Amino acid sequence: MVENQGVYIGVFIAVTALMILVGVWASRKVKSGDDFLMGGRNLPLPLLIGTTVATLVGTGSSMGAVGFAYSNGWAGALYGLGGSIGIFALLLLFANVRKYNFTTFSEELSFYFGESKLFRGVTAILLYLAAVGWLGAHIMGGSLYLSWITGMDLFTAKIVTALGFAVYTMIGGYLAVVYTDTIQGFILFSGFIMLAVLSLFKVGGYETMSARIPNEMVSFLGVEVLGIIPAISLIVVIAIGVLAAPSYRHRIYTSKNTLTLKKALVISGILFACFSLFPSIIGMATQIMNPDLEPGYAFPYLATEVFPVWVGAIILTAGLSATMSSGSSDFIAGVTILVTDVYQVALGKAVPREKLKMYSRIALLVTLTLAFVGTMGATNIISYITNFISTIMAGLFAAAVIGKFWPRATWQGGLACLLGGSITSFIVLSSTSLMELFGNPVLPALTVAFLAGIIVSLVTPASIVTKEESLKRLEKKREREQAVAVDPLTGVEK
């Protein structure tokens, strides 16, 4: 029985109840299915910063980074560095696509490749799997944390974690996600700053901490622990996770305008880079407090074993905020892909406008169930995240780049990017020596994905559909989907 278990469970219930209340309030602004999924495409700067930062500071970059820093010192800051690079690259490469009013990343990708239905169908399924995978990572990370800090068994903790952020998302849709993200972003930033300061004070300050842990752990970004190539691989894989994740594209499509989006991305990237220092300090300080701890439990250990219960409650709230904010963002992005793209691929028609909100809520249940099932055999957050990013998302990023910036790219080349990246990732994952060399499969997966996309594009017929024609096709398609059939006699919608 964990000491103060009742207090921690009470805090969890209170935080969840607050988010549900925010979801109920946000639901009053939801008038249509499009509002439920896209929030009216009018997010102002404060909300856009809040939701982007909160999505960045997720399970991996907070609790996962604490555990990673526990074992590898300043290497824990590689998460923040990679995420910041990803945000700035997103700004430079893709912020201007806001003008096209895309709804999903698969729609954006199909635009680059002549509105190919096959390519859109394949990417829609892959992106949906990516969103489910991210959601599973948040469920897994939150459940490990909740299990330690409250004493719940892991299976029950996974159920509770999943339901925790599912309820308010189900009620208020994307607007509920945005408002709760902004609140949670403030909580987790404040909580991690406080915990870093208290942890340093507990071990006698930074100089004392640096003197008591191995020298390689306090080397620049921990490269003496990981090695240069694995460190670069970790930075790149986190950056690709931002550049190809459906949840970050969702922020682009729902921002007020391009200028607002660019400001939000700059500020979010800077804030996240600053945040990356705190999990690293917390992890290294915890290593001194208890050098025999399982690294994955470094964060909750501070709440239950080191600090008073009131500090533990704040730690719990910050950790839950990190999990819930990122989890709900991937949740709504995945649902949008499922009801707008995957549904159309499977049935050959769009969801009726009047049923979009209802279908979206059903899709929430389906997505949550798939993500939950996907966590059953996984226990390590970091390997889970890096491996699935390399396998699914490296090829998606390569396809987006060559499709957007290279006129000669073909949809066959886009498919080659996806296939080449995934096959290479599987090969590296199956080789112990290659994994030791690279740390994760992302560098070889990206290399092969780009080469495959370029070579196959050159040997296949050039696309006869220009970007202008593709845009016209897209606009006509939207008009057909948004058209409401009206009975000519009664004037009532059919």
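How do the residues of the lining of the second largest cavity divide into nonpolar, polar and charged? The model is predicted, with local features needing pLDDT of at least 70 and side-chain atom pairs counting only at pLDDT 80 or more, while totals for chains, interfaces and linings use all residues. Residues are numbered from 1 along each chain as its sequence is written, and side-chain values use heavy atoms, with hydrogens and water left out.

A search of the whole structure finds 2 cavities of 30 Å³ or more, a cavity being a set of points on a 1 Å grid over the protein atoms alone where a 1.4 Å probe fits but cannot get out. The second largest holds about 40 Å³ of space, the volume being that filled by probe spheres set on grid points joined across faces, edges and corners. Its lining (residues with an atom within 4 Å of a point) consists of Thr103, Thr104, Phe105, Pro246, Arg249, His250, Tyr253, Ala333, Thr336 and Ile337. These divide into 5 nonpolar, 4 polar and 1 charged, where Ala, Val, Leu, Ile, Met, Phe, Trp, Tyr, Cys and Pro count as nonpolar, Asp, Glu, Lys and Arg as charged, and the others, Gly among them, as polar. Helix H12 (246–254) and helix H16 (309–347) each supply at least two lining residues, helices being DSSP runs (H or I, at least four residues) numbered from the N terminus, and H12 gives the largest share, 4 residues.

Turning to the loops, Glu115 lies between helix H6 (105–112) and helix H7 (117–150), and its phi is positive, near 55 degrees, in a residue other than glycine. Glu115 counts as buried (under 20% relative accessible area, with a 1.4 Å probe and protein chains only) because its relative accessibility is 14%.

Key
On a 1 Å grid over the protein atoms alone, a cavity is a set of points where a 1.4 Å probe fits but cannot get out, and a pocket is an open set with protein on both sides within 12 Å along at least five of seven lines; lining residues have an atom within 4 Å of a point. Buried means under 20% relative accessible area, exposed over 50%, partly exposed in between (1.4 Å probe, protein chains only).
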